[in-house]
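Here's a quick walk through one model, starting with its rings and ending with a handful of residues. Have the viewer open as you read.

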Amino acid sequence: MSDQEQAPVYAPFFGVMGAAAAIIFSALGAAYGTAKSGTGIAAMSVMRPELIMKSIIPVVMAGIVAIYGLVISVLICTAITPTGYTLYKGFVHLGAGLAVGFSGLAAGFAIGIVGDAGVRGTAQQPRLFVGMILILIFAEVLGLYGLIVGIYLFAK
């Protein structure tokens with residue numbers, strides 16, 4: 001097989017799409033998680049303004065999901081070259097980006113829903129705080145699983 005067949009000119013397109021998918025979908029998840037949790041914080045702060053800083057945790061956790069997408073996007077972008085980039089690498093990088101992006105989207109949705117309900121519930125019953133944090137950790141780890149799979153695929 002010739003070099004042109006192994007590394008066609010359109011091969012980097014798939015890697016670029018993987019990088020784009022990772023950051024776009026993980027940022028969408030982070031944005032949803034931030035917005036949903038933020039509305040819960042705003043509603044809760046009317047009754048209990050002293051809990052505002054304690055209630056920021058879901059927003060911070062949602063922001064971390066976007067960092068996962070940023071990490072894999074930067075890794076993929078550094079590997080893309082104009083020559084010598086094979087279709088295999090392009091497809092693997094696309095898969096890595098999709099794994100991180102979709103798992104980040106799911107994690108962001110989960111963090112947003114749990115953060116909104118958890119913050120409102122904690123305002124009424126402070127003992128719910130630890131339970132909310134545990135559920136948020138389980139939601140966050142979904143994005144981390146995607147990052148682990150994405151890095152493993154990237155290293156192939």
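Which residues do ring pairs link into a cluster? They are Phe13, Phe14 and Phe91. Rings of Phe, Tyr and Trp (its six-membered ring) count as a pair here if their centres lie within 6.5 Å; planes under 30 degrees apart make the pair stacked, over 60 edge-to-face, and the rest tilted.

Some ground rules before going on. This is a predicted model, with local features needing pLDDT of at least 70 and side-chain atom pairs counting only at pLDDT 80 or more, while totals for chains, interfaces and linings use all residues. Numbering runs from 1 along each chain as its sequence is written, and side-chain values use heavy atoms, with hydrogens and water left out.

**Overall layout**

The chain has five helices and zero strands, where helices (H or I, at least four residues) and strands (E, at least two) are DSSP runs numbered from the N terminus. Along the sequence that reads α-α-α-α-α. The radius of gyration is 19 Å, well over the 15 Å that the globule rule gives for 156 residues, so the chain is more spread out than a compact globule. That radius is taken over C-alpha atoms, and the rule is 2.2 Å times the number of residues to the power 0.38. The C-alpha atoms fill a box of roughly 70 × 20 × 15 Å along the principal axes.

Of the 156 residues, 40% are buried; buried means under 20% relative accessible area, exposed means over 50%, and partly exposed is in between (1.4 Å probe, protein chains only). Contacts, meaning heavy atoms within 4.5 Å, reach across the sequence: among those with a separation of 6 or more, 85% come from residues 24 or more positions apart.

The accessible surface is about 8100 Å², and 77% of that belongs to carbon and sulfur atoms. These areas come from the Shrake-Rupley method with a 1.4 Å probe. As for charge, there are 7 positive and 5 negative side chains, and the centres of the two sets sit 16 Å apart. Lys and Arg count as positive and Asp and Glu as negative, leaving out His and the chain ends, and each charge is placed at NZ of Lys, CZ of Arg, CG of Asp or CD of Glu.

**Back to the rings**

The ring rule gives four aromatic pairs. One to click on is Tyr32 with Phe109: the ring centres are 4.3 Å apart and the planes at 20°, so the pair is stacked. Tyr32 belongs to helix α2 (residues 11–47) and Phe109 to helix α4 (residues 87–124), so the pair ties together parts that are 77 residues apart in sequence. Tyr32 is partly exposed at 30% relative accessible area, and Phe109 is partly exposed too, at 38%.

**Where α2 meets α3 and α4**

Ser37, also in helix α2, is a good place to zoom in. Is Ser37 buried or exposed? With 0% relative accessibility, Ser37 counts as buried. Skipping neighbours within four places in sequence, Ser37 is in contact with Pro58, Val59, Ile111, Gly112, Gly115 and Asp116.

Two of those partners deserve their own look. Asp116, in helix α4, is buried at 10% relative accessible area. Apart from residues up to four places away in sequence, Asp116 touches Lys36, Ser37, Thr39 and Gly40. Val59 is in helix α3 (residues 57–79) and is partly exposed at 22%. Outside its neighbours within four places, Val59 is in contact with Thr34, Ser37, Gly38 and Ile41.

**Leu98, Leu153 and Tyr152**

Leu98 sits in helix α4 and is partly exposed, at 30%. Beyond four places in sequence, Leu98 is in contact with Ala21, Phe25 and Ser103. Leu153, in helix α5 (residues 128–154), is partly exposed at 26% and, with residues up to four places away left out, touches Val92, Gly95 and Ala96. Tyr152 is found in helix α5 and counts as exposed at 57% relative accessibility.

Here are some C-alpha to C-alpha spacings to check in the viewer.

| Pair | Apart in sequence | Apart in space |
|---|---|---|
| Val59 and Thr34 | 25 residues | 4.9 Å |
| Leu153 and Lys89 | 64 residues | 9.5 Å |
| Leu98 and Gly69 | 29 residues | 9.6 Å |
| Tyr152 and Gly33 | 119 residues | 26 Å |
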